[in-house]
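The following exercises concern one protein model. Each task is followed by a solution in steps.

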Amino acid sequence: MHTRKIGNFEVSALGLGCMNCSAGYGPADETTSTQLLNEALDRGYRFLDTASLYGDGHNETLIGNSLKHRRNEFILASKCGMSMNESGVRVPNGRPEILIQQCEASLKRLQTDVIDLYYLHRMDNKVPIEESVGALAQCISDGKIRSIGLSEVSSLTLRRAYSEHPIAAMQSEYSLWTRTPEFGMLSTCEELNVSFVPFSPLARGFLTGKAQEVTQLTDDDLRCTIARPRFEPDNFAHNIKVLKTFKAIAEKVGCSMPQLALGWLLAQQNSKGEKTLVPIPGTKHINYMHENGLAADIELDQNTVIELNDLINEDTIRGDRYSEQLMQSIDSENDRKKEIDE
């Protein structure tokens with residue numbers, strides 16, 4: 001697999017989102033997950049993404065147990081900044097002392113001395129971003145992490161954070177059907193030389209052609225909770241119509257549907273014509289991991305990119321990416337609101 005850059009790190013063009021091996025899309029088998037992680041390294045994945053939130057620490061523990069003997073073979077990213085409130089609900093918590101405590105706990109679960117890239121998982125509106133980033137900068141000084149990342153923040157917040165300490169990477173949802181980063185974040189990242197890491201690049205399974213509407217999913221599936229709108233039966237029935245043409249394009253290109261979706265992201269260029277995005281598709285299935293990895297070999301021509309842009313975008317897809325309440329709380333959506341207001 002060819003490589004790209006995240007900060008000072010050289011990583012595989014596709015990273016591996018590890019959440020699915022612990023939570024989010026129904027139960028996962030630990031033995032299979034251990035095999036998947038090791039085969040991913042054998043396949044050429046060199047960038048693994050996890051978080052303390054995933055499975056309440058289980059995912060970090062899984063990676064630590066499965067890959068501690070191969071720690072020098074990959075760049076490790078994890079996330080902090082989510083805590084349980086008095087009602088037992090996970091909420092953003094960017095207090096400096098909490099972030100430092102969570103970093104210590106993550107290091108133990110991951111069985112490593114240092115985390116290469118440590119993200120603030122979500123912005124805490126009660127804590128200035130400068131204070132949260134300052135705590136992560138202290139973790140760098142203490143040798144616990146090597147670089148700082150942010151997840152789902154707006155361009156304005158990224159600039160404020162960067163004024164406190166250089167930011168290596170910005171992570172947000174980005175795919176054919178979720179274009180939020182195009183409302184300013186991609187250009188801001190290019191300006192500041194911050195790498196952009198798209199999560200949910202397969203549109204939570206929709207672009208694989210295997211996703212189902214919410215009535216057919218288990219209650220512990222994210223698509224039945226926070227990501228519900230686009231998978232509601234009426235919206236899903238509308239959205240799925242684009243997949244017939246999408247599949248035909250994939251067949252024309254000579255790849256699978258998920259490979260086409262990932263190929264579209266890998267083909268995106270900045271203003272200098274550089275291809276810099278590092279998508280992190282997640283899966284708990286070994287065969288899907290191998291299938292996704294082959295997307296790094298796909299070279300889409302500009303006509304195909306334009307055809308895909310016209311077929312699947314936020315005007316042709318019905319429903320928000322998250323529930324209304326959650327959409328209002330996510331800082332990255334402020335880029336969209338700002339552009340609409342202007």
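**Exercise 1.** Determine which helix gives the most to the lining of the second largest pocket.

*Solution.* Helix 6 gives the most, with five residues. This helix spans 185-192, and it is joined by strand 1 and strand 11 as elements that each supply at least two lining residues. Helices (H or I, at least four residues) and strands (E, at least two) are DSSP runs, numbered from the N terminus. The model is predicted: local features need pLDDT of at least 70, side-chain atom pairs count only at pLDDT 80 or more, and totals for chains, interfaces and linings use all residues. Residues are numbered from 1 along each chain as its sequence is written, and side-chain values use heavy atoms, with hydrogens and water left out.

Next, consider the space itself: the second largest pocket holds about 730 Å³. A pocket is, on a 1 Å grid over the protein atoms alone, an open set of points where a 1.4 Å probe fits, with protein on both sides within 12 Å along at least five of seven lines; lining residues have an atom within 4 Å of a point. The volume is the space filled by probe spheres set on the points, which are joined across faces, edges and corners. Of the 35 lining residues, Cys 189, Asn 193, Val 194, Ser 195 and Phe 196 are the closest to the centre of this pocket.

Finally, sort the lining by class: 15 residues are nonpolar, twelve polar and eight charged. Here Ala, Val, Leu, Ile, Met, Phe, Trp, Tyr, Cys and Pro count as nonpolar, Asp, Glu, Lys and Arg as charged, and the others, Gly among them, as polar.

**Exercise 2.** Establish how many residues of helix 9 are buried, and what covers them.

*Solution.* Helix 9 (residues 257-266) has ten of its ten residues buried, that is, under 20% relative accessible area with a 1.4 Å probe, protein chains only. Among them are Trp 264 and Gln 259. The cover includes strand 1 (3-6), strand 11 (195-199), helix 8 (242-253), helix 10 (286-293) and helix 11 (302-311).

**Exercise 3.** Explain why Cys 21 forms no bond with the closest cysteine sulfur.

*Solution.* A disulfide is a pair of cysteine sulfur atoms within 2.5 Å. The closest sulfur to that of Cys 21 belongs to Cys 18 and lies 6.1 Å away, too far for a bond. Cys 103 is likewise in no disulfide, the nearest cysteine sulfur, that of Cys 139, being 4.1 Å away. The structure as a whole holds zero disulfides.

How values were computed:
Buried < 20%, exposed > 50% of the residue type's maximum accessible area, 1.4 Å probe, protein only. Contact = heavy atoms within 4.5 Å.
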